[in-house]
Amino acid sequence: MDEDEAQKQRLKAAVHYTVGCLCQNIATDCEKQITKQTIAAIAETAFRQCDIFAKDLEAFARHAKRHTVTVDDVKLTARRTTALSNYIQQKSEELALNNQELKEKRKKNAAKRKSKDMEAEEENELED
């Protein structure tokens, strides 16, 4: 088994474990049981869907002649699933808002530092 195949198997095992934990939590909440076969089927479906998403993301970036996947690529990939698309759009807007707030804070802090530096320079000039 080569390195890529080993990594794929580790990823598959991690997805299976996570799906198992999620199913166990849901089964407990709903007072139901979920069979191991059902968990395995959900895990395999999730893994395959992630693989499809990854290939789509790469294709969209390549089509745009980029080497980096962007938020727009993710939105494009999710467009077939309304709930997922809406969720990604909402998160994207939240991130954009947070980024804008951070930029504004940085600008204010930079302006404060600049004015303090100028005041210090003026004091030094007056002392000389």
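**View 1. Glu-31 sits in the loop that links helices H1 and H2.** Welcome to a predicted model, in which local features need pLDDT of at least 70 and side-chain atom pairs count only at pLDDT 80 or more, while totals for chains, interfaces and linings use all residues. Residues are numbered from 1 along each chain as its sequence is written, and side-chain values use heavy atoms, with hydrogens and water left out. Helices here are DSSP runs of H or I with at least four residues, numbered from the N terminus. Glu-31 comes just after H1. Its phi is positive, at about 55 degrees, although Glu-31 is not a glycine. With a relative accessible area of 73%, Glu-31 is exposed (over 50%; buried is under 20%, partly exposed is in between, with a 1.4 Å probe and protein chains only).

**View 2. Helix H1 runs from residue 3 to residue 30.** How far apart are the end C-alpha atoms of H1? They are 40 Å apart, which agrees with the 40 Å that its 28 residues should span at 1.5 Å a residue (the expected span is 1.5 Å times one less than the number of residues). Along H1, the buried residues are Ala-6, Val-19, Gly-20, Cys-23 and Ala-27. These buried residues of H1 pack against H2. As background for reading such a list, an α-helix has 3.6 residues a turn, so residues three or four places apart point the same way. Cys-30 also belongs to H1, and its relative accessible area of 47% makes this residue partly exposed.

**View 3. H1 and H2 pack with their axes 9 Å apart, at an angle of about 125 degrees.** The axes are lines fitted to C-alpha atoms over the stretch in contact, and angles run from 0 to 180 degrees between N-to-C directions. That angle makes H1 oblique to H2 (roughly parallel is under 35 degrees, roughly antiparallel over 145, roughly perpendicular 65 to 115, and oblique the rest). On the H1 side, the contact is made by Lys-8, Leu-11, Lys-12, Val-15, His-16, Val-19, Gly-20 and Cys-23 (contact means heavy atoms within 4.5 Å). On the H2 side, look for Ile-39, Ala-40, Ile-42, Ala-43, Glu-44, Ala-46 and Phe-47. The residues of this H1 and H2 contact divide into 10 nonpolar, two polar and three charged (Ala, Val, Leu, Ile, Met, Phe, Trp, Tyr, Cys and Pro count as nonpolar, Asp, Glu, Lys and Arg as charged, and the others, Gly among them, as polar).

**View 4. Helix H2 has covered residues of its own.** H2 has 28 residues and reaches 40 Å from its first C-alpha to its last, close to the 40 Å expected at 1.5 Å a residue. Which residues of H2 are buried? They are Ile-39, Ala-43, Phe-47, Asp-56, Leu-57 and Ala-61. What covers the buried residues of H2 includes H1 and H3.

**View 5. Helices H2 and H3 cross at roughly 130 degrees.** Their axes come within 9 Å, and the two helices are therefore oblique to each other. From H2, Phe-53, Asp-56, Leu-57, Phe-60 and Ala-61 meet Asp-73, Val-74, Leu-76 and Thr-77 of H3. The residues of this H2 and H3 contact divide into six nonpolar, one polar and two charged.

**View 6. Thr-77 has its place in helix H3.** Is Thr-77 buried or exposed? Thr-77 is buried, with a relative accessible area of 6%. Setting aside neighbours within four places in sequence, Thr-77 is in contact with Phe-53, Asp-56, Leu-57 and Phe-60.

**View 7. Lys-65 and His-67 share the loop between H2 and H3.** This loop joins H2 (36–63) to H3 (71–78). Lys-65 follows just after H2, and its phi is near 60 degrees, a positive value in a residue other than glycine. Lys-65 is exposed, with a relative accessible area of 76%. His-67 counts as exposed too, at 87% relative accessibility.

**View 8. Cys-30 and His-67 are 44 Å apart in space, C-alpha to C-alpha.** In sequence, these two residues are 37 residues apart. Cys-30 and Lys-116 are 86 residues apart along the chain, and their C-alpha atoms are separated by 60 Å.
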